[in-house]
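Work through the exercises below with the sequence and the structure in view. Each task is followed by a worked solution.

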Amino acid sequence: VEQAMNGPEVKQYRAAMDTEVQQHIDRGTWEMVDRDTLPPGAKPIPGKWVLKRKTVDTGDGTTTHNKHKGRWTARGDRQKRGRDFSTTWSPVIAFPILRILIAFACSCAFPITQVDFDGAYLNALLDTVVYMELPWGYEQPGKCVKLLRALHGLKQSGRLWYLTLKEWMEAYGFTTNQVDPCVFVLHQGASWVIAWVYVDDM
């Protein structure tokens, strides 16, 4: 962060950080709390900025531009089991299953569409109370936050996101495959859809 803030692209990185913080405010990722109201033994975990610059092709094959992105993540290594989280296991699709499904789709000339969930983890609500420091550069005296949604970096975020997605898929009529829980199938008359998930990609 210090390198980015002292570099020639500080304005672009600061804008990316502003966008990230505003996203959390808009989505209700946390609520502000006074430090002196925290329960006994509660300790806000720190966070970390992950700043990236990506070269993006504009699509015409001749021009590119730099895209600056900032992500505020939790320091999951500072969480304590039993206080900040309990279960962390989350399934991911087995690659042999993935290869079989792609080969099956190709052999039947079925269309394949890829979906990337933007801010996927933030769709999941936390099931434990976690307090966290405000993002670097946006601190307020005497304040920290109580997390309401699964933030990147938390040990339980992947699991909570999967359970949230599974609930959504089943609500839309998909059934979870018994062999691989990251494969969902929907039958509608003569039509059917097979969806597979790898973390936040479908």
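**Exercise 1.** State in which pattern helices and strands follow along the sequence.

Solution. Read along the sequence, the pattern is α-α-β-β-β-α-β-β-α-β-β-β. Counting the elements gives 4 helices and 8 strands. Both are DSSP runs numbered from the N terminus: helices are H or I with at least four residues, strands E with at least two. The model is predicted, local features need pLDDT of at least 70 and side-chain atom pairs pLDDT 80 or more, while totals for chains, interfaces and linings use all residues. Residues are numbered from 1 along each chain as its sequence is written, and side-chain values use heavy atoms, without hydrogens and water.

**Exercise 2.** Find the order of the open sheet formed by 3 strands, and its edges.

Solution. The order is β6-β7-β8, with antiparallel pairing. β6 (175-176) and β8 (191-196) each have a single partner strand, so one side of each has no neighbour in the sheet. Two strands pair if DSSP finds at least two bridges between them. Strand β7 (residues 183-188) and β8 are joined by 6 bridges; in one of these pairs, H187 has W192 of β8 as its bridge partner. Helix α3 (residues 95-107) packs on the sheet and touches β7 and β8.

**Exercise 3.** Determine what share of the protein's residues is buried.

Solution. Buried means under 20% relative accessible area, with a 1.4 Å probe and protein chains only. By this cut-off, 35% of the 202 residues are buried.

Key: Buried < 20%, exposed > 50% of the residue type's maximum accessible area, 1.4 Å probe, protein only. Contact = heavy atoms within 4.5 Å. Axes fitted to C-alpha atoms, helices over the stretch in contact; angles between N-to-C directions.
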